[in-house]
Amino acid sequence: MELGPIGAQEEFLANIMIVDPVECVTYNLSPAKHIASRRVDSPVGASQMALVRKETQSAAEQHQRTVPEELRPKSSIEQLGTETMEGFAVEGKRITTTFPVGSQGNDRPIVSTSEIWTSRELKIPILEKRTDPRSGETVKRLTNIQLAEPSADLFRVPADYQIRDEHE
């Protein structure tokens, strides 16, 4: 047993997600409990996604107009150059966002950073690091990238897991 940030922990907290785009199903696996929560997703067409993005942008723009300039977060982007990760050339950028005093009930500025390394070939991020004093550090990393057609077994929940349906 180890002591962690939330007290005694029997094992490292892990979460495994299986997304099956063909069957429109997402499984959230809990290795410690051998439970898989199943969520059936509705297929959303590109036109519906564009509509959702437009509505989200409109709401964000409206919010931007109602927040005084001095309370709006300020962002800057720094290009980090190129590197090789997992055998792919990636381009990095760091986005630093500062939330001014009082913008979120804060008594001093809040500085949040996101570092994103994207493969031009794959058109997806290979590594994302987000650091925010409100939520800590989050790291998402793609590893063992294989460009071949994946085995159907990768989209199956292991036999020793209990499947529970999520209800929205």
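How many bridges join strand 5 to strand 11, and do these strands run parallel or antiparallel?

## A sheet of four strands

In this predicted model, strand 5, which covers residues 35-40, is joined to strand 11 by 4 bridges, and the two strands run parallel. Within this pairing, S37 stands opposite R164, a residue of strand 11. As a general background, the strands of a sheet pair through backbone hydrogen bonds, either parallel or antiparallel.

Strands 5 and 11 belong to an open sheet of 4 strands, arranged in the order 3-4-5-11, in which the pairing is mixed. At the edges lie strand 3 (16-20) and strand 11 (162-165), each of which pairs on one side only. When direction is ignored, neighbouring strands of this sheet are turned by 25 degrees against each other on average.

## The largest pocket

The largest pocket holds about 400 Å³ of space, and its lining is made up of Q146, A148, E149, P150, S151, L154 and F155. Sorted by class, these lining residues comprise 4 nonpolar, 2 polar and 1 charged.

## The second largest pocket

For the second largest pocket, the volume is about 320 Å³, and the residues that line this pocket are P125, I126, L127, E128, E137, T138, V139, K140, R141 and L142. Two or more residues of this lining come from each of strand 9 (124-132) and strand 10 (136-141), with strand 10 giving the most, namely 5 residues. By class, the lining of the second largest pocket has 5 nonpolar and 4 charged residues, together with 1 polar residue.

Key:
Residues numbered from 1 in each chain as written. Predicted model: local features only at pLDDT ≥ 70, side-chain atom pairs only at ≥ 80, totals over all residues. Heavy atoms only, no water. 1 Å grid on protein atoms, 1.4 Å probe; cavity = no way out; pocket = protein on both sides within 12 Å on 5 of 7 lines; lining within 4 Å. Points joined across faces, edges and corners; volume = space filled by probe spheres on them. Nonpolar A, V, L, I, M, F, W, Y, C, P; charged D, E, K, R; others polar. Pairing = 2+ DSSP bridges. Axes fitted to C-alpha atoms, helices over the stretch in contact; angles between N-to-C directions.
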